[in-house]
Amino acid sequence: MTEHSKLNGRDRLKETIFSIMVSPKVTNGTLLFLRCFVSFMMLTHAFAKISNFDTLLNFFPTPFGMSRAMALSMIIVIELGGSILLIFGFGSRLALLGLIAGMCTAAFFSFHPFEISRSELPMMYLGIYITLFFTGAGKYSIDYFIVKMSCKRQTDISIL
């Protein structure tokens, strides 16, 4: 008799649920969902900035002594470009560095004095971006495909 068949119904259900929760497919699927979800949410901010560019120029924060136009343009490029790269999982960690820098700037340098209530949304994005930076894009990404092909090519070359 197998170990699995010795379990009663409730224990078998717990074991099945646990094995599903820790499976690589679920983990990688969750990373894909998180990447796409946070990126689509950030794209709404980028598109809002693009459509209201002239209005925002009047009061957009000027961190690090930049002009308003430069600061606004940079954050649009970071939010738009970084989010698109993150959706596809292409250059994810590099894209995340820009997004992390943008959210740090928004959270800690754009509003004086610092108030958690004003920085809550950028800090939430920051937490998600830091998490994705350390986990990587996951198996369902262009990054994974590139690494996999690179390793295969190196293996093929070493065989010769």
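**Exercise 1.** Is F114 buried, partly exposed or exposed?

*Solution.* Start with the scale: a residue is buried under 20% relative accessible area, exposed over 50%, and partly exposed in between (1.4 Å probe, protein chains only). F114 has a relative accessibility of 40%, so this residue counts as partly exposed. Next, place the residue: F114 sits in the loop between α6 (92-109) and α7 (116-135). Last, list the contacts, where contact means heavy atoms within 4.5 Å. Apart from neighbours within four places in sequence, F114 touches A107, F108, S119 and M123.

Some notes apply to every exercise. The model is predicted, so local features need pLDDT of at least 70 and side-chain atom pairs count only at pLDDT 80 or more, while totals for chains, interfaces and linings use all residues. Residues are numbered from 1 along each chain as its sequence is written, and side-chain values use heavy atoms, with hydrogens and water left out.

**Exercise 2.** Describe the secondary structure of the protein and its overall spread.

*Solution.* Helices (H or I, at least four residues) and strands (E, at least two) are DSSP runs, numbered from the N terminus. By this count the protein has 8 helices and 0 strands. Read from the N terminus, the order is α-α-α-α-α-α-α-α. The radius of gyration is 21 Å, well over the 15 Å that the globule rule gives for 160 residues, so the protein is more spread out than a compact globule. Here the radius is taken over C-alpha atoms, and the rule is 2.2 Å times the number of residues to the power 0.38. Along the principal axes, the C-alpha atoms fill a box of roughly 75 × 50 × 25 Å.

**Exercise 3.** State how much of the protein is buried, and what its surface is made of.

*Solution.* Of the 160 residues, 28% count as buried. The exposed area is about 10,600 Å², of which carbon and sulfur atoms supply 71%. Such areas come from the Shrake-Rupley method with a 1.4 Å probe; for residues, only the protein chains shown count as cover.

**Exercise 4.** Examine two residues of the loop between α4 and α5, N58 and F64.

*Solution.* Take N58 to begin with: it lies between α4 (53-56) and α5 (68-88). Its relative accessibility is 62%, so N58 counts as exposed. N58 and K25 are 33 residues apart in sequence, and their C-alpha atoms are 47 Å apart in space. Now take F64, found in that loop between α4 and α5. F64 is exposed too, with a relative accessible area of 57%. Its phi is near 60 degrees, a positive value in a residue other than glycine. For background, most residues other than glycine have a negative phi.

**Exercise 5.** Find the surroundings of L85.

*Solution.* L85 belongs to helix α5. At 34% relative accessibility, L85 is partly exposed. Beyond neighbours within four places in sequence, L85 is in contact with F90 and A95. E120 is 35 residues from L85 along the chain, and 24 Å separates their C-alpha atoms.

**Exercise 6.** How many disulfides does the protein have?

*Solution.* A disulfide is a covalent bond between the sulfur atoms of two cysteines. The test used is a pair of cysteine sulfur atoms within 2.5 Å. By this rule the count is 0. As for the cysteines C36 and C104, C36 is buried at 18% relative accessible area, whereas C104 is partly exposed at 25%.
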